[in-house]
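I opened this notebook to keep a record of what I looked up, residue by residue. The entries follow the order in which I turned to each topic.

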Amino acid sequence: MSANQRLILAVVLSFVFFVAYTAIFPPEQVAVEQNATTKSSESAAAATNASSVLPDAAIEHEVAADEQIAVTDSSILVEIDSEHFTMKIDTLGRIASKVLKDEKYNNNDNIHSEMVAQVGTKPLHIRFADKAMNEAALRTPFTTSLRKATLKEGGSVVVTMQQKLGEQTVTKQMTIYADGHYDVRIDLAKDARYFVYLGQHVKRKGQMMMAVHGAMVYYGDGLTEIIEDEDAEGRKSFTDVHLTSSFDQYFASIIYGLAPDVTVTVDRDRESNPIVYIDGTQHFTFNGYIGPKEYKTLKSIDPVLVNAIEYGWFTFAAAPLFKVLSWLHGIFGNWGWAIIALTLLIRMILFPLTYKGMLSMQKMKDVAPKVKEAQAKYKGDPQRMNAAVMEIYKKEGANPLGGCLPMLLQIPVFFAIYRVLLNAVELQGAEWILWVNDLSRMDPYYILPILMGATMFYQQHITPNNFTDPMQEKIFKYLPVIFTFFFITFPSGLVLYWFVNNLFSIAQQVIVNKQFAAMKAMRAVKESNEAEGK
């Protein structure tokens, strides 16, 4: 195989491997520039040392500890009802439930989505470092004068709760807003060490396996630490935390508005899932949010919250791509047409690269017979053979890598938009046209995946190649079938992007083919005229 063929094969097989591998083993996220500065390293080390001497009672977060206090109707202390959600606070002062009423967030069984895990730690649960006090806190309910309230659009509700623990009194005040965020103030009559839990996310069915689930800490100078579910190895502590989040593909429970000296610790439960808790103070204030990771909503609450939308390795490219997609949605008012417009915009930006790549592939196909002759002629002398082949490339203006480098440069763009369309909660319940009524879910009739595969097959048919290896040719021949199989379960929005991208590629390939044919015809006429002149 030529260098050109080997590189093309490597790119294609790499993509197939990426899709197959990440479908089975979700990609492991790593901290972004962790320990990039001495200051961040020192603060993290100091926090870790502090947590290592915590009393045992302060770090007992086995799931069983919370399962002992089941959430029942009789244990609900306060119920807040609004147009978009219902929130319940239990007698331990925890957020026991938050159900989204908007139908677009319904689960696969068409039931309203629950934001709070019914097994595991729950948001705003307080645990004391002193074992005796903590056991008393688990047995003593909070009291409040407000049992039910209706939250109006644009308004807020204040809930004040108290817990009597002998000489200690815990006062917890929550201000809950209609957009899903809340403010918290915790006051202790006497100073004591305690921790406030972020809560764990709900284990949902039907979400894409490639989506990352777990906990996140955004701290320091824009550093991000992600601990995935079933991958928490031990305790990690952080200071100067701007937000911490327990999240899945579309939803998150977030705590933010912390003072720089507050310590946030990520530990693990018995299933190696991350658990986040925060060191409290005698008079402690912070903010929280539970709901969908919708960009506009998070930005309107506090711009720092948009950092809870994480796109993995390609965040640097995915974040600006989503902003462009959102801008296009503002123009078209439809996420499907916005995806198509974004695809066209990307194709236009990459046109010079793809045009050169396609032209180079045409030239490589054109010189293939001459290259084969040279290889056969100098078969026993590799040095002379390589020199002869390079001379042919130079004379004909062909570049062995010219068709592959543009493809390599496009791979980060595809992966970036792949992450955008995979994680964009805005696509939930978003209609396009006809049968596509939810761009976040697979096409129920498999029409888009089949069209994607068909256009890929036709694009392959009109794209020049000079395969000499039968096995290589068979691999390329069956790639449309393989891709169709993988894309069947992908969100409709992502398949729509790939299908439309194929259409634009076909149009561009047809243009290039015609232009190259015209160039060859002109060159043949010119050479014929020169021969006759001689």
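The entries below go from the whole chain to salt bridges, surface patches and single residues.

**Entry 1: the chain as a whole**

I noted at the outset that this is a predicted model, and I have kept that in mind for every value below. I looked up the secondary structure and found twelve helices and 17 strands in the protein chain. The chain has 534 residues, of which 52% count as buried. For the accessible surface I found about 25400 Å², with 58% of that area belonging to carbon and sulfur atoms. I then turned to contacts between residues at least 6 apart in sequence, and of these 68% join residues at least 24 apart.

**Entry 2: salt bridges**

How many salt bridges does the structure hold? I found ten, and I followed three of them in detail.

I began with glutamate 294 and lysine 104, which form a salt bridge whose closest N and O atoms are 3.6 Å apart. This pair links distant parts of the chain, since glutamate 294 sits in the loop between β17 (283-292) and α5 (295-301), while lysine 104 sits in the loop between β3 (95-100) and β4 (126-128), 190 residues apart. I checked the exposure of both partners: glutamate 294 has a relative accessible area of 17% and is therefore buried, whereas lysine 104, at 33%, counts as partly exposed.

I went on to arginine 193 and aspartate 279, where the closest N and O atoms of the salt bridge are 2.8 Å apart. Arginine 193 lies in the loop between β8 (181-188) and β9 (194-197) and aspartate 279 in strand β16 (residues 274-279), so this salt bridge ties together parts of the chain that are 86 residues apart in sequence. Arginine 193 counts as partly exposed because its relative accessibility is 35%, and aspartate 279 counts as buried because its value is 15%.

The third pair I looked up was lysine 203 with aspartate 229, whose side chains meet in a salt bridge at 3.1 Å, N to O. Lysine 203 lies in the loop between β9 and β10 (214-219) and aspartate 229 in the loop between β11 and β12, so the two tie together parts that are 26 residues apart in sequence. Here I recorded lysine 203 as exposed, with a relative accessible area of 53%, and aspartate 229 as buried, with a value of 18%.

**Entry 3: patches on the surface**

Which residues gather in a patch of negative charge on the surface? I found Glu230, Asp231, Glu233 and Glu271 there. I took aspartate 231 as the one to place, and located it in the loop between β11 (223-228) and β12 (236-238). Its relative accessibility is 31%, so aspartate 231 counts as partly exposed.

I also looked for a nonpolar patch on the surface, and found one formed by Trp327, Ile331, Phe332 and Trp337, with about 480 Å² of accessible area together. Helix α6 gives the most to this nonpolar patch, with three residues. Tryptophan 327 is found in helix α6, and I noted it as exposed because its relative accessible area is 55%, the cut-off being over 50%.

**Entry 4: buried residues and their contacts**

Is serine 326 buried or exposed? Serine 326 is in helix α6 (residues 315-332), and it counts as buried because its relative accessibility of 14% falls under 20%. Leaving aside neighbours within four places in sequence, I found serine 326 in contact with Lys296 and Trp335.

I next placed glutamine 200 in the loop between β9 and β10, where it is buried, with a relative accessible area of 12%. Not counting residues up to four places away in sequence, glutamine 200 touches Ala117, Gly120, Thr121, Ser246, Asp269, Asn273, Pro274 and Ile275. I also looked up the separation between the C-alpha atoms of glutamine 200 and glycine 214, which are 14 residues apart along the chain, and it is 8.3 Å.

Last, I turned to asparagine 501 in helix α12 (residues 492-533). Asparagine 501 counts as buried at 11% relative accessibility, and beyond residues up to four places away in sequence, it touches Thr343 and Arg347.

Notes
Residues numbered from 1 in each chain as written. Predicted model: local features only at pLDDT ≥ 70, side-chain atom pairs only at ≥ 80, totals over all residues. Heavy atoms only, no water. Helix = DSSP H or I, 4+ residues; strand = E, 2+ residues; numbered from the N terminus. Buried < 20%, exposed > 50% of the residue type's maximum accessible area, 1.4 Å probe, protein only. Contact = heavy atoms within 4.5 Å. Patch = residues over 30% accessible without salt bridge, like charges linked within 9 Å, V, L, I, M, F, W, Y side chains within 5 Å. Areas by Shrake-Rupley, 256 points an atom, 1.4 Å probe, with all protein chains shown as cover. Salt bridge = Lys/Arg side-chain N within 4 Å of Asp/Glu carboxyl O. Lys, Arg positive; Asp, Glu negative; His and termini not counted. Charge placed at Lys NZ, Arg CZ, Asp CG, Glu CD.
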